[in-house]
Amino acid sequence: MVYILTHYWSELVQGLGYTLLSSVIALVFSTIIGTMFAIFEVLPNKAMRVIGRIYIELFRNIPLLVIAMFFYVIIPLYVAKIDGFTAGTIGLTIYTSSFIAETVRAGIQSVDPGQMEGARANGMTYWQAMSKIVLPQAFKIIIPPLGNQFINLVKNSSVLAFVAGFDLMYQANSIASLSLDTINSYMVVGCFYLVITLPLSYYMRHLEKRLAN
Amino acid sequence: MQNFIQAYSWVNIRFLLEGLWVTVEVSVVSIIASFIIGSVLGVLRYVKIKYLSAVVGFVVDIVRNLPLILIIFFTYFGLPHLGFKPGILFATILAMTIFESAMLAEIVRSGILAVDYGQMEGARANGMTYVQALWHIIFPQAIKKTIPTIVSQFISLIKDTSLATIIVLPELLNHAQIIYGQNSAYIIPMFIMVALMYFIICYALSVLSRILDKKLA
């Protein structure tokens, strides 16, 4: 393991960088898109609710790999030339946004409806009430599940390896085939993943406990 | 349009369905195995046997926080170096079972924790042993409480079987790739069909879990 670590340090760090970069980009955009569709789902307008529902159900029930491969294979063929990293990150964003939408919707619905009514009664518009009163309270409730989504995101970003995204998992394969030391290569890369995900998951468990009491 | 009609010829559809069958096979075996192992691990983690529970908890946390692809690679490419060479199908099922058992262990444990402690006290006061109370009173309630979470975990399992295409398991996505590899005009029809097949299975399961949840609640 030490041999792999010292000889392939630069590849490993590069892989870690790409994994983190893709996870963070996907987290930011999927939170924005997810929140948007979550709001669609609680709007009084029926058509918007249906659109929100379809988006969420559609992308929650299709494998991430299928979505990522779709962008990797089809976009360069018909639309524009994009690299594996971009295609993978787009796939990751869309897939995760449907899970985040579901989480945010649950958060919004757990906020007492009286909050919205009160805000409206005090002269706020629907959007003002939503963005200034309801959403901040909803986000406070859903911080632990959102954190868990981020952990999933880091793990799921390993599909970038399928689309030549140069992430940790991709580097794991190339190191394994270069060094011919399969077990140790995968163990080292496993440790790299754990360094990100394990502390996060303990912190989220701690947060959940603190919020529950 | 011509592409779609040609792409969905009976030969292609049958080839996709063969892939779907492998996906279903892997999923069903892994679901059953991981439900049993996950429940045992979850209970072990809950009952606090000295050392054993701590070790189980540690291993479960490690496995849960690794990407599934890494575990698939490890079972397929890593295990042969340790002197055990599983076939593709077995390696996939092994990897899925290890990963999903860890996920389920955590769900089952949280389900048990959510059952009112008075249930255990009541069962013990009525003369049940600790193990009897756990098995007859606590465990069924814990499962009932966590059905939606467990089913959504199984839905992820079904979706995640697509990852095994990287070790060339002849499942749905792999068969689709073989078809569109022969003719690039089939790419879009194949992706739509594959997405549809996964969607139907996973969506049906999620509807089923909602019905089950309402009936049991």
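A residue is called buried if 20 or more other C-beta atoms lie within 10 Å of its own, exposed if 12 or fewer, and partly exposed in between, with C-beta atoms placed from the backbone. Keep that handy for the exercises. This is a predicted model, where local features need pLDDT of at least 70, side-chain atom pairs count only at pLDDT 80 or more, and totals for chains, interfaces and linings use all residues. Residues are numbered from 1 along each chain as its sequence is written, and chains are lettered from A and ligands numbered from 1 in the order in which they are written.

**Exercise 1. Work out whether A:Phe166 and B:Val168 are buried or exposed, and what their phi angles look like.**

Step 1: start with A:Phe166, in the loop between H8 and H9 of chain A. Helices here (H or I, at least four residues) and strands (E, at least two) are DSSP runs, numbered from the N terminus.

Step 2: count neighbours. A:Phe166 has 21 C-beta neighbours inside 10 Å, so it counts as buried.

Step 3: check the backbone. A:Phe166 isn't a glycine, yet its phi is positive, about 55°.

Step 4: now go over to chain B. B:Val168 sits in the loop between H7 and helix H8 (172-182) of that chain. Its phi is positive too, near 60°, and again the residue is not glycine. B:Val168 has 11 other C-beta atoms within 10 Å, so it is exposed.

**Exercise 2. Which residues of H3(B) are buried, and on which side of the helix do they lie?**

Step 1: check the helix length. H3 of chain B (residues 52-64) has 13 residues, so at 1.5 Å a residue it should span 18 Å, and its end C-alpha atoms are indeed 18 Å apart. The expected span is 1.5 Å times one less than the number of residues.

Step 2: pick out the buried residues, which are B:Val56, B:Val60 and B:Arg64. They cover an arc of only 60° around the axis, so they share the same side of H3(B). The arc is that of the directions from the helix axis to the C-beta atoms.

Step 3: look at the other face. Turned away from the buried side are the exposed residues B:Ala54, B:Val55 and B:Phe58.

Step 4: find the cover. Helix H2 (10-47) and helix H5 (88-114) of chain B are among the elements over the buried residues of H3(B).

**Exercise 3. How many residues of H4(B) are buried, and what covers them?**

Step 1: count. In helix H4 of chain B (residues 68-78), 10 of the 11 residues are buried. Among them are B:Leu68, B:Phe73, B:Thr75 and B:Gly78.

Step 2: look for the cover. From chain B, it includes H5 and helix H7 (130-160); from chain A, it includes H9 and H10.

**Exercise 4. Describe the side of chain A that touches chain B.**

Step 1: get the totals. The contact takes 28 residues from chain A and 27 residues from chain B. Two residues are in contact if their C-beta atoms, placed from the backbone, lie within 7 Å.

Step 2: sort by element. Helices H3 (46-60), H4 (64-78), H8 (143-156), H9 (168-179) and H10 (182-212) of chain A each give two or more residues to this side. H10(A) gives the most, with 10 residues.

Step 3: sort by class. There are 20 nonpolar, six polar and two charged residues on this side of chain A. Ala, Val, Leu, Ile, Met, Phe, Trp, Tyr, Cys and Pro count as nonpolar, Asp, Glu, Lys and Arg as charged, and the others, Gly among them, as polar.

**Exercise 5. Set the UniProt record for chain A beside the model.**

Step 1: take the whole chain. Chain A has 10 helices and zero strands, and 44% of its 213 residues count as buried.

Step 2: read the record. An unreviewed UniProt entry puts "domain: ABC transmembrane type-1" at residues 16-204 of chain A, and "transmembrane region" at residues 20-40, 61-79 and 183-203. UniProt positions use the numbering used here, feature names are shortened, and annotations may be inferred rather than shown by experiment.

Step 3: compare. Residues 16-204 of chain A are 84% helix and 0% strand. Residues 20-40 of chain A are 100% helix, with end C-alpha atoms 30 Å apart. For residues 61-79 of chain A, the values are 79% helix and 25 Å.
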